[in-house]
Amino acid sequence: MAMFPIAKQKAHSLTGRITLPLLHSAFKAVKRNRGAAGIDRVSIGMFEANLVENLQALERQLKDGSFWPFPLRRKYIDKEPGKFRPLGIPAVRDRVAQEVIRRLLHPIFERLFHDASFGFRPGRNCHQALHKVLELHEAGFRVVLDSDIKGFFDNLPHKVILEAVAAQVADGNILRLIEKFLRAGVMEDGVFKPTTVGTPQGGVISPLLANIVLNHLDWHLHGLGFRFARYADDFVVLCESNAKAEEALTLVSHTLALLGLSLSQEKTRITTYGKGYTFLGFELSSRSRRMRGKSKRKLRDKIEALTVRSHNLDAQVIVKLNQVIRGTAGYFATHWFTGRTVFRDLDSWIRRRVRCMKFKRFRYHDNRRMRLKQFQRLGLLSLESFCWSRGRPPGHTMSKNAARTPQGRGTLCPNGAVDGGTVDLWGSPGARKGHAGKCRE
């Protein structure tokens, strides 16, 4: 019996749908995502300089089967203290090719995905996954199987990926192209290393392939009546009792074993909503919904990199700080977020870092030399200004002593622009005043 249900009518002749308009659209998507050059050192700008010729050659190679991807360029990013996440960066040409294949496969598999899958799907995001989890908690599902798949992207067998795709797709050329992407290998320190297992983190098509494989797990959980939410390889199963959670753990372990995967013994656990757990950057519990410690460390690392004491404090520094603050608050400052005090402390720490840049030292009485109104003139945003107040979104009210920060009308994204060294404190004409609460100096 096949692991993945085979479609009665498989998708044929996908190769014939590879056209120049599709390639142009795929290139625009790659360009929007930016990204560095691959092993061939051809940047997006260099590829675009001869765009028509490059896309025509790519179309011909994809159709006649002569296309071979370059090896991936290995890059490591910080995962946690002492650990790094390996990324595989494809060449720009290969990213365009992967985007083409992704666009051909996506309509076929999107209709098959479970409603509890929220990762890398149009119209779905992390906040919806978190909202689903909180709804289930309120409905009485308060025992949690907090799962972690051990090295998911690095250990996913190629055979499983190809079998999952082949269950719905009969175009041999497309299947061979996917296999070529998986077996492209990586270049690390000038040494070629073949890839016999896994799908590279950094590849355009990798998230879709991950969803295709894990959809098998989703429907197994659904078939036995379990409630869950999944974002890519990060998922939680919500139960009404410890016995059901143990049953879910056994099912998940067995299903993943069939896929050639396993759960991390160190990170997988059964807990409760009362005790709390982490999911998608949040610490969730019946008492609070806050930023997890790892997320706070990442934010601090970004701020520290932008506020080196020996550097000059200028308008560009404020712009970059605002980008980080806006991105962090835009994700965490939901209507159910309860970490206002955490944001307030982080705001105070950010202002201290800016003062150190200004005065090239750290002294507590520098607070008097650079007060809140001076940060307002600089246009520095505050995390707390994005928080909801008594169920109302930011921008609804303005406390008497609140730090005035630029807020767009009816949105969570403040203006924060610095134009020629001067700052428009109130955004465009008619913009509402933002509520920041009581901010420390």
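Start by selecting Val144 and Leu238: Leu238, in strand 7, is the bridge partner of Val144. What you have open is a predicted model, so keep the confidence colouring within reach for later.

**The sheet around that pair**

Now widen the selection to residues 143-148 and residues 234-239. These are strand 3 and strand 7, which run antiparallel and are joined by six bridges. Next, bring in the rest of the sheet. It is an open one with four strands, paired antiparallel in the order 6-7-3-8. Which strands sit at the edges? Pick residues 227-231 for strand 6 and residues 269-272 for strand 8; each of these two pairs on one side only. Tilt the view along the sheet and look at the twist: on average, neighbouring strands are turned by 20° against each other, ignoring direction.

**Two helices on the sheet**

Select residues 206-223 next. That is helix 9, which packs on the sheet and touches strand 6 and strand 7. Compare its direction with that of strand 6, and you should find an angle of about 170°.

Then go to residues 242-258, helix 10. This helix packs on the sheet too, touching strand 3, strand 7 and strand 8. Set against strand 3, the direction of helix 10 makes an angle of about 20°.

**A stop at Phe279**

Click on Phe279, which you will find in strand 9, residues 277-279. Is this residue buried or exposed? Phe279 counts as buried because its relative accessibility is 1%, and the cut-off for buried is under 20%. Show its surroundings: setting aside residues up to four places away in sequence, Phe279 touches Ala129, Leu130, Val133, Ala229, Asp234, Phe235, Val236 and Leu284. Draw a distance from Phe279 to Val236, C-alpha to C-alpha, and you get 7.9 Å, although the two are 43 residues apart in sequence.

**Helix 11 against helix 13**

Hide the sheet and select residues 293-306 together with residues 340-359. Here helix 11 and helix 13 pack with their axes 10 Å apart, at an angle of about 20°. Angles under 35 degrees count as roughly parallel, and therefore helix 11 and helix 13 are roughly parallel to each other. Their crossing is right-handed. Turn on side chains to see who meets whom: helix 11 brings Lys296, Leu299, Arg300, Ile303, Glu304 and Leu306, while helix 13 brings Val342, Leu346, Trp349, Ile350, Arg353 and Met357.

**Helix 3 against helix 4**

For another helix pair, select residues 51-64 and residues 92-110. Helix 3 and helix 4 pack at an angle of about 55°, and their axes are 11 Å apart. How do they lie relative to each other? With that angle, helix 3 and helix 4 are therefore oblique. Helix 3 passes helix 4 in a right-handed crossing. On the helix 3 side, the contact is made by Leu55, Leu58, Gln61 and Leu62; on the helix 4 side, by Arg93, Val96 and Ala97.

**Zooming out**

Show the whole chain again. It holds 15 helices and 13 strands. Of its 441 residues, 48% count as buried. Among contacts with a separation of 6 or more, 74% are between residues 24 or more positions apart.

Finally, colour by pLDDT. The chain averages 86, with 88% of the residues scoring at least 70. Last selection: residues 397-441, where pLDDT stays under 50. The model has 107 contacts beyond four places in sequence for this stretch.

Note on methods:
Residues are numbered from 1 along each chain as its sequence is written. This is a predicted model: local features need pLDDT of at least 70, side-chain atom pairs count only at pLDDT 80 or more; totals for chains, interfaces and linings use all residues. Side-chain values use heavy atoms; hydrogens and water are left out. Two strands pair if DSSP finds at least two bridges between them. Axes are lines fitted to C-alpha atoms, for helices over the stretch in contact, and angles run from 0 to 180 degrees between N-to-C directions. Contact means heavy atoms within 4.5 Å. Buried means under 20% relative accessible area, exposed over 50%, partly exposed in between (1.4 Å probe, protein chains only). pLDDT is the predictor's confidence in each residue, from 0 to 100. Angles under 35 degrees count as roughly parallel, over 145 as roughly antiparallel, 65 to 115 as roughly perpendicular and the rest as oblique. A crossing is left-handed if the near helix is turned anticlockwise from the far one by less than a right angle, and right-handed if clockwise.
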